[in-house]
Amino acid sequence: MARAEKVTAVAEMTERFRDSSGAVLTEYRGLSVAQLGELRRSLGEHATFAVVKNTLTKIAASDAGVAPELTELLSGPSAIAFVQGDVVETAKGLRDFSRAHPFLVIKGGVLDGKVMTPDEIVKLADVEPREVLLAKLAARLLAALQEKQGGEAEGGAPAADGPADDAPGDAAEAGEAGDG
């Protein structure tokens, strides 16, 4: 690779680190080109998976201000999943693929500037999808609102009904209206 190509590659990777909400570093030794293609497809539109050169990646990570702990993991054949969308979905894709293809090893990653261990990435994969969590939150808020309104109606009902029952004029008026 010529020097100009290396400079360009580092600049592009630096931008990917900066623009991504997360990056997961993997080792792919033993996976075929077809399997890597399958992995890329399984990650969907939320992530891009790229085989990287360790030396250039170390420079790019440093330029992007990524945690130095990530650069320590750059040894052997490395590839990075750069996450643009749902980090949980990407973690699930990587976890599931690594279960089916043990040659894919999750080394670690960075999520919003925080270093994550392989175990933390796998635990992240166990989180329900964002849409499900939002739906559950909405349901809980709705239930709490209904409970609060129901409690106010019950609590407010005796106070509103009490004076109306005790008012002598109301009963007389009701009787007069029926006589007329």
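**Exercise 1. Determine what covers the buried residues of helix H3, and how those residues are arranged about the helix.**

*Solution.* The cover over the buried residues of H3 includes H1, strand S2 (47-52), helix H4 (68-72) and strand S3 (78-83). The model under study is a predicted one.

Step 1. List the residues concerned: Asn54, Leu56, Thr57, Ala60, Ala61 and Ala64 are the buried residues of H3.

Step 2. Look down the helix axis. The buried residues of H3 fall within an arc of 155°, and therefore line one face of the helix. An α-helix has 3.6 residues a turn, so residues three or four places apart point the same way.

Step 3. Turn to the face directed away from the buried side of H3, where the exposed residues Thr55 and Ser62 are carried.

Step 4. Inspect the end of the helix. Glycine 65, just after H3, takes a positive phi of about 75°.

**Exercise 2. Describe the packing of helix H1 (residues 3-19) against helix H3 (residues 54-64).**

*Solution.*

Step 1. Establish the geometry: the axes of H1 and H3 lie 8 Å apart, and the helices pack at an angle of about 50°.

Step 2. Classify the angle. Because it lies outside the ranges for roughly parallel, antiparallel and perpendicular, H1 is oblique to H3. The crossing in which H1 passes H3 is right-handed.

Step 3. Identify the contact residues. H1 contributes Lys6, Ala9, Val10, Met13, Thr14, Phe17 and Arg18, while H3 contributes Leu56, Thr57, Ile59, Ala60, Ala61, Asp63 and Ala64.

Step 4. Sort these residues by character: nine in the contact of H1 with H3 are nonpolar, two polar and three charged.

**Exercise 3. Locate the buried and exposed residues of helix H2 (residues 33-43).**

*Solution.*

Step 1. In H2, the residues Leu36, Gly37, Leu39 and Leu43 are buried. These buried residues cover an arc of only 160° around the axis, so they are on the same side of H2.

Step 2. Exposed residues Ala34 and Arg41 are carried on the face of H2 turned away from its buried side.

Step 3. The cover over the buried residues of H2 includes S2, S3 and H5.

Step 4. Just after H2, a positive phi of about 70° is taken by glycine 44.

**Exercise 4. Is threonine 90 buried or exposed, and which residues does threonine 90 touch?**

*Solution.*

Step 1. Place the residue: threonine 90 is found in helix H5 (residues 87-100).

Step 2. Apply the cut-off. Buried means under 20% relative accessible area; threonine 90, at 1% relative accessibility, therefore counts as buried.

Step 3. Leaving aside residues up to four places away in sequence, threonine 90 touches Leu43, His46, Ala47, Ala81 and Val83.

Methods:
Residues are numbered from 1 along each chain as its sequence is written. This is a predicted model: local features need pLDDT of at least 70, side-chain atom pairs count only at pLDDT 80 or more; totals for chains, interfaces and linings use all residues. Side-chain values use heavy atoms; hydrogens and water are left out. Helices (H or I, at least four residues) and strands (E, at least two) are DSSP runs, numbered from the N terminus. Buried means under 20% relative accessible area, exposed over 50%, partly exposed in between (1.4 Å probe, protein chains only). Contact means heavy atoms within 4.5 Å. Axes are lines fitted to C-alpha atoms, for helices over the stretch in contact, and angles run from 0 to 180 degrees between N-to-C directions. Angles under 35 degrees count as roughly parallel, over 145 as roughly antiparallel, 65 to 115 as roughly perpendicular and the rest as oblique. A crossing is left-handed if the near helix is turned anticlockwise from the far one by less than a right angle, and right-handed if clockwise. Ala, Val, Leu, Ile, Met, Phe, Trp, Tyr, Cys and Pro count as nonpolar, Asp, Glu, Lys and Arg as charged, and the others, Gly among them, as polar. The arc is that of the directions from the helix axis to the C-beta atoms.
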